[in-house]
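Here are a few notes to read alongside the model, for someone opening it fresh. Take them in any order you like.

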Amino acid sequence: MKLKKLKAYFTESLLELYAPEEIQSFFSILSKEYLNLSRVQVTLEADKEVDSAILQKFESAIERLEKEEPIQYIMGDTEFYGLPFKVNKNTLIPRPETEELVEWIIEDSVSEKRNDYSILDIGTGSGCIAISLAKNLPEAAVSALDYSYEALQTAESNAKLNDVTIQFFQEDILKTGTLPQQYDVIVSNPPYVRESEKLEMQSNVLDYEPASALFVSNTDPLLFYRTIARLSLRYLKPNGKLYFEINEYLSKELIDSLREEGYPIIELRKDFRGKDRMLLCRKSK
Ligand SMILES: C[S@@+](CC[C@H](N)C(=O)[O-])C[C@H]1O[C@@H](n2cnc3c(N)ncnc32)[C@H](O)[C@@H]1O
């Protein structure tokens with residue numbers, strides 16, 4: 001089959017589910033991966049013959065996209081903060097909002113050249129936060145924990161892929177009462193979507209991304225934040241900084257709760273969509 005015919009077939013198969021620009025973007029990603037052709041080359045080489053082994057790969061991708069599986073899981077990788085990351089059903093797909101949190105921490109930390117500057121990422125998933133911090137703050141000693149063994153396996157292979165050293169460890173942050181040491185920075189993007197918000201979510205997230213990375217109960221949606229804030233009071237160095245990614249709908253009550261926990265200085269930032277998304281908490285002025 002010629003490339004132009006494959007593209008037309010691909011587009012037609014997915015038009016009921018996706019916008020044309022999104023289908024074009026899927027086709028470009030897959031063409032790069034399976035045929036090593038850029039978007040421009042796909043147009044220039046429209047008459048190229050595609051062999052049956054490659055056609056089968058496109059067919060399988062169409063079937064998975066028809067079931068609304070995220071393209072990142074189909075490819076097995078994605079990009080975060082300009083770096084490559086492997087992702088799978090055990091890891092959340094890193095989001096662009098989280099890149100803004102990483103950017104904030106790098107801005108605040110880049111002038112710190114102490115060789116004992118230490119960072120802990122709680123709920124590391126694919127390792128995207130910890131690894132992009134380690135890559136951009138080479139002097140820092142970065143650690144990361146998750147309670148999912150499978151997520152940690154992926155995070156470890158992502159650290160290798162990006163040529164950084166991270167101390168990974170398995171821990172349930174809701175159960176442990178201790179951390180291995182004191183840190184200059186503790187960061188977390190914990191599960192924060194209330195069960196009641198499921199209705200607003202698309203099936204590509206609900207059916208494929210790990211529920212344990214996303215959801216918290218309606219009755220105590222701030223549990224992770226309170227627990228991490230309490231631990232951090234003991235495990236942050238005196239001028240240490242605690243950064244959170246947050247649920248846009250819960251910013252006010254979260255800030256009140258963190259003040260009560262013992263953080264008099266809290267800075268809120270919005271994401272690129274204008275939604276309340278990140279906090280920096282400090283326990284002393
Ligand atoms: C929202 S995801 C964030 C993943 C990654 N840091 C990111 O920003 O893309 C939350 C992560 O917390 C982990 N997690 C959930 N409950 C946990 C617990 N009790 N203790 C430690 N980690 C937990 C999940 O496995 C998941 O990797």
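1. A word on vocabulary to start: helices (H or I, at least four residues) and strands (E, at least two) are DSSP runs, numbered from the N terminus. Lys32, for instance, sits in helix H2, which covers residues 20-35. Across the protein there are 12 helices and 11 strands.

2. Some ground rules. This is a predicted model, where local features need pLDDT of at least 70 and side-chain atom pairs count only at pLDDT 80 or more, while totals for chains, interfaces and linings use all residues. Residues are numbered from 1 along each chain as its sequence is written, and side-chain values use heavy atoms, with hydrogens and water left out.

3. Now the overall picture. The C-alpha trace spans about 65 × 40 × 35 Å along its principal axes. The domain assignment (bounds of this kind come from an automatic or database assignment) gives domain 1 as 3-67 and domain 2 as 83-282. Their C-alpha centres are 36 Å apart.

4. How much is tucked away? Of the 285 residues, 49% count as buried, where buried means under 20% relative accessible area, exposed over 50% and partly exposed in between (1.4 Å probe, protein chains only). As for contacts (heavy atoms within 4.5 Å), take those between residues at least 6 apart in sequence: 66% of them join residues at least 24 apart.

5. Back to Lys32. Lys32 counts as partly exposed because its relative accessibility is 44%. Leaving aside residues up to four places away in sequence, Lys32 touches Leu37 and Ser38. Its C-alpha atom is 9.0 Å from that of Val42, 10 residues apart along the chain.

6. The largest nonpolar core deserves a look. A nonpolar core is a set of buried Ala, Val, Leu, Ile, Met, Phe, Trp, Tyr and Cys residues joined through side-chain atoms within 4.5 Å. This one has 34 residues, and Leu179, Ile186, Leu242, Phe244 and Leu279 have the most contacts inside it. Elements giving two or more residues to this core include strand E3 (118-122), strand E9 (236-245) and helix H12 (251-261). The largest share, six residues, comes from H11.

7. What does Leu179 touch, not counting residues up to four places away in sequence? The list is Leu120, Leu145, Ile173, Ile186, Leu231 and Tyr235. Apart from this core lies another, of 31 residues, with Ile119, Ile129, Ala134 and Ala155 among them.

8. Then there is the second largest pocket, with a volume of about 160 Å³. On a 1 Å grid over the protein atoms alone, a pocket is an open set of points where a 1.4 Å probe fits, with protein on both sides within 12 Å along at least five of seven lines; lining residues have an atom within 4 Å of a point. Grid points are joined across faces, edges and corners, and the volume is the space filled by probe spheres set on them. Ala134, Leu137, Val164 and Gln167 are among the lining residues. Strand E4 (residues 141-146) supplies the largest share, three residues.

9. Finally, two backbone oddities to check. Most residues other than glycine have a negative phi. Glu68, though, has a positive phi of about 65°, in the loop between helix H4 (52-66) and helix H5 (71-75). Asp163 has a positive phi of about 60°, in the loop between helix H8 (149-161) and strand E5 (167-170). Glu68 counts as partly exposed because its relative accessibility is 26%, whereas Asp163, at 67%, counts as exposed.
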